[in-house]
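Let's go through some labels and ask what earns them. Here is the structure to look at.

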Amino acid sequence: MRRDARRNAERLATAAGQIFRERGLDAPLEEIAKAAGVSAGTLYNRFGGRDALIDAVMPDVVEAKVRAAMVRAEAEADPWDGFVLYVTLLCEMQATDLAMSDAVSRRYADAKRLNEICEAQMDGVRGLIAKAHAAGRLRADFTAEDLPYLLWTTSTVVRATASRAPEAWRRALTFTLDGLRPAAAHPLPAPPLTAEQVHAVMLDLGAKRSGQGR
């Protein structure tokens, strides 16, 4: 890559990281190009589109933050506390960083590396859930594929209340987590989604949001 092209790519990545954190991963690409001091054409020529730009900016950040959350969760002596801490840390990321909120949703089909990282972290999630099940601290019918429900719900609450009650999501999450204790369990009216269904739903949500943003 020529020196000027490399410099433009670095400016675009820096601007994208900042604007994505403030506006989410659906932020207008034209604004990112303007902030980087280049044309929109330069952005598209370098990255091809949104998903490629996301894949250039987000994977390392997501991997580091999710790994740090998992390390903290696995250090908890009580399996329930470890599960709750991990979920809470993910939701805190959603509340404080819109880019992270969108990244963990896996709504961007062509952000291949980001999706691979998100999929890889599910092994750790399954481990936390298995420990909590074995200890009798988490309702037995909760699966790793049910975790996105918590993240989708929190993301919606965060966006709806951010300007007026930025901590409201914690109350909503606590209600949900209390419902995951074995004593609160009742038969469920539908089976859990499969991993394929979860991913398909996420992509559908991404397509709808992209269409609304045009």
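What follows is a short round of questions on salt bridges, burial and record features.

This is a predicted model, where local features need pLDDT of at least 70, side-chain atom pairs count only at pLDDT 80 or more, and totals for chains, interfaces and linings use all residues. Residues are numbered from 1 along each chain as its sequence is written, and side-chain values use heavy atoms, with hydrogens and water left out.

Q: Why is the contact between Glu 63 and Arg 67 called a salt bridge?
A: A salt bridge needs a side-chain nitrogen of Lys or Arg within 4 Å of a carboxyl oxygen of Asp or Glu. Here the N to O distance is 3.4 Å, so the pair fits the cut-off.

Q: What places Glu 63 and Arg 67 about one helical turn apart?
A: They sit four residues apart in helix 5, residues 59-74. Helices here are DSSP runs (H or I, at least four residues), numbered from the N terminus.

Q: Why is Glu 63 called partly exposed?
A: Buried means under 20% relative accessible area, exposed over 50%, and partly exposed in between (1.4 Å probe, protein chains only). Glu 63 comes out at 31%, and its partner Arg 67 at 48%, so that one counts as partly exposed too.

Q: What makes the Asp 97 and Lys 65 pair a link between separate parts of the chain?
A: The salt bridge itself has its closest N and O atoms 3.3 Å apart. Asp 97 lies in the loop between helix 6 (79-96) and helix 7 (98-103), while Lys 65 belongs to helix 5, so the pair ties together parts 32 residues apart in sequence.

Q: Is Asp 97 buried or exposed, and how do you know?
A: Its relative accessibility is 5%, so Asp 97 counts as buried. Lys 65, at 34%, is partly exposed.

Q: How do you know that Arg 159 and Asp 102 form a salt bridge?
A: Their closest N and O atoms are 2.9 Å apart. Arg 159 is in helix 9 (residues 147-161) and Asp 102 in helix 7, so this pair ties together parts 57 residues apart in sequence. Arg 159 is partly exposed at 34%, whereas Asp 102 is buried at 2%.

Q: Which residues are linked with Arg 159 in a network of salt bridges?
A: Asp 26, Asp 102 and Arg 107.

Q: Why is the span 6-65 called "HTH tetR-type"?
A: That name comes from UniProt, in an unreviewed entry; such annotations may be inferred rather than shown by experiment, with feature names shortened and positions given in the numbering used here. In the model, the span is 82% helix.

Technical notes
Helices (H or I, at least four residues) and strands (E, at least two) are DSSP runs, numbered from the N terminus.
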